[in-house]
Amino acid sequence: MLILGIETSCDETAASVVRDGREMLSSVISSQIELHKPYGGVFPELASREHLNKIDEVVSEAIERANVDLKEIDAIAVTQGPGLIGSLLVGVSYAKA
């Protein structure tokens with residue numbers, strides 16, 4: 001079984017592909033540290049917008065690095081909480097789509 005995992009709870013957009021719950025085939029993380037530095041912490045609205053900009057690229061790269069096709073994915077796991085509501089909505093909406 002191949003599972004695509006998506007994580008967008010705070011300020012990192014991440015995706016991975018795991019086989020049978022034991023073998024990680026890929027892990028891709030896009031950090032937002034530099035984007036939030038001027039604010040001294042995570043700025044929620046910016047985090048949500050950056051997730052929107054990066055999620056497709058991160059998920060596509062995770063699938064490519066795993067050397068699988070999207071059609072081969074059996075399930076999708078996504079963070080639903082806790083976290084920043086706007087950021088979580090990006091991940092959950094993408095997973096549902």
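Mentor: Let's start with burial: a residue is buried under 20% relative accessible area, exposed over 50% and partly exposed in between, with a 1.4 Å probe and protein chains only. Threonine 8 has 0% relative accessibility, so it counts as buried.

Trainee: What sort of model am I reading, and how are residues numbered?

Mentor: It's a predicted model, with residues numbered from 1 along each chain as its sequence is written; local features need pLDDT of at least 70, side-chain atom pairs count only at pLDDT 80 or more, and totals for chains, interfaces and linings use all residues. Side-chain values use heavy atoms, with hydrogens and water left out.

Trainee: Where does threonine 8 lie?

Mentor: Helices (H or I, at least four residues) and strands (E, at least two) are DSSP runs, numbered from the N terminus. Threonine 8 sits in the loop between strand S1 (2-7) and strand S2 (12-19).

Trainee: Which residues is threonine 8 in contact with, leaving aside neighbours within four places in sequence?

Mentor: Contact means heavy atoms within 4.5 Å. On that basis threonine 8 touches Thr13, His51, Ile55, Ser87, Leu88, Val90 and Gly91. There's a polar link too: a polar atom of the threonine 8 side chain lies 2.8 Å from the backbone oxygen of serine 87.

Trainee: On to the sheet. In what order do the four strands come?

Mentor: Two strands pair if DSSP finds at least two bridges between them. Here the order is S3-S2-S1-S4, in an open sheet with mixed pairing. S3 and strand S4 (75-78) are the edge strands, each pairing on one side only. From one strand to the next, the twist averages 15 degrees.

Trainee: How many bridges join S2 to S3?

Mentor: Eight, and S2 runs antiparallel to strand S3 (residues 23-31). As one example, valine 18 has methionine 24 in S3 as its bridge partner. S2 and S3 make a hairpin with three residues between them, and aspartate 20 in the turn has a positive phi of about 55 degrees.

Trainee: In which sense do S1 and S4 pair?

Mentor: Parallel, over four bridges. Isoleucine 3, for instance, has alanine 75 in S4 as its bridge partner.

Trainee: What packs on the sheet, touching S1 and S4?

Mentor: For the angles, axes are lines fitted to C-alpha atoms, for helices over the stretch in contact, and values run from 0 to 180 degrees between N-to-C directions. Helix H3 (residues 85-96) packs there, and its direction makes about 170 degrees with that of S4. H2, for its part, lies across S1, S2 and S3, at about 25 degrees to S2.

Trainee: And how many salt bridges are there?

Mentor: The rule wants a side-chain nitrogen of Lys or Arg within 4 Å of a carboxyl oxygen of Asp or Glu. That gives four salt bridges. One of them joins lysine 37 to glutamate 34, with the closest N and O atoms 3.1 Å apart. Lysine 37 is exposed at 54% relative accessible area, and glutamate 34 is exposed at 57%.

Trainee: Which residue forms a salt bridge with glutamate 45?

Mentor: Arginine 49, at 2.7 Å from N to O. Both lie in helix H2 (residues 44-65), four residues apart, about one turn of the helix. Glutamate 45 is partly exposed at 41% relative accessibility.

Trainee: What separates glutamate 61 and arginine 65?

Mentor: They are four residues apart in H2, so about one helical turn lies between them. Their side chains meet in a salt bridge of 2.3 Å, N to O. Glutamate 61 is partly exposed, with a relative accessible area of 26%.

Conventions
Polar contact = N/O pair within 3.5 Å; in protein donor to acceptor, adjacent residues only side chain to side chain.
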